[in-house]
Amino acid sequence: MSPVETPSRTARPAVGERAVVSGWGRTAPVSVTLVRPTDAAQLSGLLSGEVPARGLIPRGAGRSYGDAAQNERGAVLDMAALRGVETIDRHTREARVRAGTTFAELLEALAAEGMTLPVVPGTAHLTVGGAIAADVHGKNHPRDGSIARHVRSLHLCTPAFGELEVSEREDPELFAATLGGMGLTGAIAAATLRIVPLRRPCFVADVDRVESVEAAMELMASGGGHSHAIAWIDLISRGRSFGRAVVNRSREGEETVSAEQLGLRPAHPGLIARVPSPVLRPATVRAFNRLYWLRSPRRGRELAMDMGEALFPLDAVGGWNRLYGRRGLLQYQFVVPDGEEWTIRCLLEMLRAKRVPMYLATLKRFGSASGGLLSFPIRGWTVAVDMPAGAPGIGEALDRADLMVTAAGGRVYLAKDARMSPEQLASMYPQLPSFLEVRARVDPHETLRSDLSRRLGLTR
């Protein structure tokens, strides 16, 4: 087992300071007391000691879109100091990493050892702890599942029992509740993850332009030896252009490389542009979509893409969430099970009829669920739609969308949510009672609280 050196940092002590934080959507900034624990022992002490009146919640990179990692007038645990890759074992194919480490940092360290992760989220700036708490998925879910499938164990700090090493063998109920549990069962200090050999650090893609969402689903379900698949959907253009899609199906290169042969850092995205001010308007998005459609291959085959372009396309633009202006953005991501594909068309047509401006939309396929009690993915299809939070009538339209998703047996992603009701949560997540039982055992006094947990009735 080889230790991995990480850049030295001078961590500030866990002294509270006032700060204003928000989710990535920037819809509801709140004032909090920000506390920065420097190690697991200090983190555990904060959870078991005298707790602020409104509790506390861990926060990673702040990339959850809604209010999951904020706690108005309460405390927030900034996990940035708990970072670094502790060990990489190429023989057991496991890596031990601290929760505040970003995927960019972890993938860079793994690449130096000729290894990588089987599943990554859509941004390399997410932290490992935050990704596990949200049970993130990538573009290869039908083959490799979400990150929960590749978590071997967790170093979890709980209010009731202090520091625990939790796994599928050691307290499987707590393990399942923590995977996708939005930080409400304990603060993750470190995790042991499954890793895989890094093959040629590029992707080979097949790109197709299709005329409808239905055609995109048919193409993505056809197989063809691709490991990753995603479709961009045009939901703002008028007439017959509404719903057209560009489908990108890709696979990793097939030649295995050694650490010595590896001459690049595959997932350390640079900020090509920093967005200074809001620029999105329906007309500008419509023009961009038309240009993107025309520039995309009608039927491109065996196109080379680097890893950053394939896995983290939006990381090329720093602060892209500011494009939506002062009131921020909502990302509505939902999943419906196989057999309910028609709901996607009905829901999108309803939003169009309500004149909701849908600026960016993507479609992905899901495979089997991970087993996390509040994990989002189920076998079926997921659509994510970005829209300006200040659009007239958007609240009423999304409430209606929730009802359509629930009727189809689907659910909304908690890591993206900023406005759902407790009633819809209970309908969408049937294992919620089991989650609440586990939470009551490890946090009987509701030390861990967030704006999301209060809004959804998970805590007082």
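1. Let's start with what packs over helix 6 (residues 213-220). The cover on its buried residues includes strand 13, strand 14 (228-233), strand 15 (245-252), helix 9 (342-353), strand 20 (360-366) and strand 21 (380-388). The residues tucked away are Val 213, Ala 216, Met 217, Leu 219 and Met 220, where buried means under 20% relative accessible area and exposed over 50%, with a 1.4 Å probe and protein chains only. They take up an arc of only 165° around the axis, so they sit on the same side of helix 6; the arc is that of the directions from the helix axis to the C-beta atoms. Helices (H or I, at least four residues) and strands (E, at least two) are DSSP runs numbered from the N terminus.

2. Keep in mind that this is a predicted model: local features need pLDDT of at least 70, side-chain atom pairs count only at pLDDT 80 or more, and totals for chains, interfaces and linings use all residues. Residues are numbered from 1 along each chain as its sequence is written, and side-chain values use heavy atoms, with hydrogens and water left out.

3. Leu 363 is a good residue to click on. Setting aside neighbours within four places in sequence, its contacts (heavy atoms within 4.5 Å) include Val 213, Ala 216, Met 217 and Met 220, along with Ile 344 and Trp 381. Leu 363 is also among the residues with the most contacts inside the largest nonpolar core, together with Ile 132 and Ile 344. That core has 131 residues; a nonpolar core is a set of buried Ala, Val, Leu, Ile, Met, Phe, Trp, Tyr and Cys residues joined through side-chain atoms within 4.5 Å.

4. Which helix gives the most to this core? Helix 2 (residues 103-111) does, with seven residues. Seven of the nine residues of helix 2 are buried, so it is largely enclosed by the rest of the structure. Among the buried ones are Phe 103, Leu 106, Leu 107 and Leu 110. Their cover includes strand 6 (85-89), strand 7 (94-98), strand 8 (115-116), helix 3 (128-133) and strand 11 (187-194).

5. Helix 12 (residues 432-442) buries Leu 432, Phe 435, Val 438, Arg 439 and Val 442. Viewed down the axis of helix 12, these fall within an arc of 125°, so they line one face. Pro 433 and Glu 437 are exposed on the face turned away from that buried side. Strand 9 (151-158), helix 5 (172-178) and helix 11 (422-428) are included in what covers the buried residues of helix 12.
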